[in-house]
Amino acid sequence: MAGVRWLMALRIASLLLPRARGLLPSPGQAHNCCVGQTVRLGLFEGQLQPYWNFDGEMYSGYLPEVFKLIAYDMGFTPEIVKSSLQPGKPPSNISWFSEHGADMIVLLGFEQALVHPVFQQAVVTSTVFDGFIGAAVLQTRADPGPLVLFDPFDGQMWAAVCASVVIAALLLVIFNILSPSEEFEEMPLKERLSTAYVMLSNYHMVAALLSGEDYEWTTWPGRVLRLALLFLVLVTTTSYTANLAAFFNKPSFVIHGPEDMVGLRKAKACVSFPDHDPMVSAFTKSVEYMPEFNYADPNILEKSTAYCINLLREQKVDAWMRDIGGLRPVVEENCDELVLREKISVTKITFAFMLPDTPELHKLATQLTATITHLKGDPVWSQLQGDYFREGRDLCGEKVVSALEPITLYRQRGLFYICGVLAGIALVIALVHAARKRLSGESKKDERQQHTMTDGELLRLLIKQVNRIGQKLHVAGGGTKASAFAAYSSGETRDWESLRVTDANEDGAVPALEQVLPGQAAHGH
């Protein structure tokens with residue numbers, strides 16, 4: 001037994017060398033008060049991570065580290081002796097300390113009053129850890145849906161954009177009534193308000209929103225409207241494209257379980273320790289824990305944690321609850337499936353040192369309390385809290401943001417759905433037009449120039465008119481191109497009204513010379 005103590009003392013003494021330059025505490029009120037003394041801490045030989053862990057040879061974890069810092073400031077030699085006391089279980093009587101060679105033990109205290117006869121003969125230091133029982137819930141990957149490409153804007157924004165496009169199209173129709181272009185002035189009002197022109201106006205506005213504008217703005221009211229439309233397109237498209245990639249790459253999650261204490265009352269919880277059952281059951285619908293829980297099992301904590309997480313995955317429970325100091329590190333390691341509920345806290349949990357109330361140890365307890373109070377205000381203490389309990393950190397924020405997913409065909413399927421639907425609509429329109437043409441027998445198309453035409457339509461109309469005029473000039477000039485141009489130059493065929501495209505026969509044949517140049521051909525010109 002003495003050999004084991006000596007070995008542990010040697011290992012703990014080696015821990016006195018700071019792991020990092022920043023782990024040296026500043027001197028406190030009880031600095032070097034106990035130089036030459038050896039203080040023995042009785043600690044359960046199992047594990048209660050991250051508070052402590054015994055690997056068969058030495059102890060590690062938060063409490064041994066705190067014990068080391070206190071010893072560094074007070075000047076005593078720290079020694080940890082193995083204890084069979086389970087966490088949260090005080091000794092049956094005060095003689096336990098002398099029988100096991102321990103000056104003090106770690107006391108796990110709860111919010112409710114600790115009622116036990118041994119506390120009347122013991123003294124407790126200031127707490128070295130203050131926490132509570134927290135809760136973690138399950139999060140699962142969610143199907144982003146086929147319409148994820150609309151996520152960069154909310155519903156109100158999309159409604160405003162669509163309304164703006166419709167209003168712009170209606171204004172275009174109104175402008176064609178109040179201040180029409182030359183082409184529209186020749187058209188009756190009924191034709192300007194036809195369904196075809198209204199639909200064409202909406203088409204041009206949607207095309208402009210998609211950066212495919214090809215409308216001919218020939219009036220000043222229309223040009224001012226175009227400036228407003230361009231400004232809308234500029235802001236909308238830049239804002240949309242700036243957020244689109246992030247929404248395509250960002251993972252989607254569904255968070256299950258209670259969000260706060262109100263939701264916890266309707267939830268079924270799993271606790272890591274059976275001792276937590278009476279403390280949690282008052283706030284939940286029901287409580288479960290791993291059957292045959294045994295502190296003597298060196299891997300019991302891993303087993304109970306895995307048990308509760310598996311119940312969460314199977315959605316047999318709504319929340320996993322344990323002390324917040326042990327809960328936060330596990331959540332950080334499993335950010336892809338666990339979420340810490342910050343609004344849920346049940347029963348305060350503390351760790352402190354408990355010593356027999358003898359004159360010598362009572363003085364030591366007072367010095368320990370002064371040192372602990374001093375260390376709590378030292379940066380070393382905050383660093384330990386952050387290292388072991390992840391306090392002051394965003395557990396999963398950076399990991400979730402950085403864990404971007406590749407853009408897959410499945411996530412982009414909505415794009416192809418929309419394109420396919422539009423292509424199908426185009427096919428239906430083509431079939432309807434073909435059926436109407438066949439049933440009505442109409443094949444002639446209105447070829448008057450209109451500013452609602454696209455650039456391609458205007459170009460094709462222009463080429464067709466030039467070709468037909470050329471054919472008529474060819475006939476008027478005697479059959480050759482040279483004679484046609486000569487006839488035009490000499491003024492023989494300056495009657496352009498006779499060269500209108502509408503003079504062509506319905507079958508596309510070039511009319512006779514007498515039809516093309518009436519009067520001139522009759523006089524032998």
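1. Let's start with burial: in this predicted model, 40% of the chain's 525 residues count as buried. The accessible surface comes to about 28,700 Å², and carbon and sulfur atoms account for 58% of that area.

2. As you scroll through the secondary structure, you will meet 19 helices and 13 strands in the chain. Take the contacts between residues at least 6 apart in sequence: 74% of these join residues at least 24 apart.

3. Next, the interior. The largest nonpolar core has 80 residues, and Trp52, Met321 and Phe351 are those with the most contacts inside it. Strand S13, which covers residues 338-356, gives the most to this core, contributing nine residues.

4. Phenylalanine 351 is a nice residue to click on. Leaving aside neighbours within four places in sequence, Phe351 is in contact with Leu48, Tyr51, Trp52 and Leu63, with Val106, Leu107 and Leu108, and with Thr127, Val128 and Phe129.

5. Please don't miss the second core, which is separate and has 14 residues. Met205, Ala208, Trp217 and Leu229 are among them.

6. Finally, a sheet to look at. Three strands form an open sheet in the order S2-S3-S4, with antiparallel pairing. Strand S2 (47-48) and strand S4 (59-60) are the edge strands, each pairing on one side only. Strands of a sheet pair through backbone hydrogen bonds. Here, strand S3 (residues 52-54) and S4 pair in the antiparallel sense over two bridges; asparagine 53 has serine 60, in S4, as its bridge partner.

Methods:
Residues are numbered from 1 along each chain as its sequence is written. This is a predicted model: local features need pLDDT of at least 70, side-chain atom pairs count only at pLDDT 80 or more; totals for chains, interfaces and linings use all residues. Side-chain values use heavy atoms; hydrogens and water are left out. A nonpolar core is a set of buried Ala, Val, Leu, Ile, Met, Phe, Trp, Tyr and Cys residues joined through side-chain atoms within 4.5 Å. Buried means under 20% relative accessible area, exposed over 50%, partly exposed in between (1.4 Å probe, protein chains only). Helices (H or I, at least four residues) and strands (E, at least two) are DSSP runs, numbered from the N terminus. Contact means heavy atoms within 4.5 Å. Accessible areas come from the Shrake-Rupley method with a 1.4 Å probe; for residues, only the protein chains shown count as cover. Two strands pair if DSSP finds at least two bridges between them.
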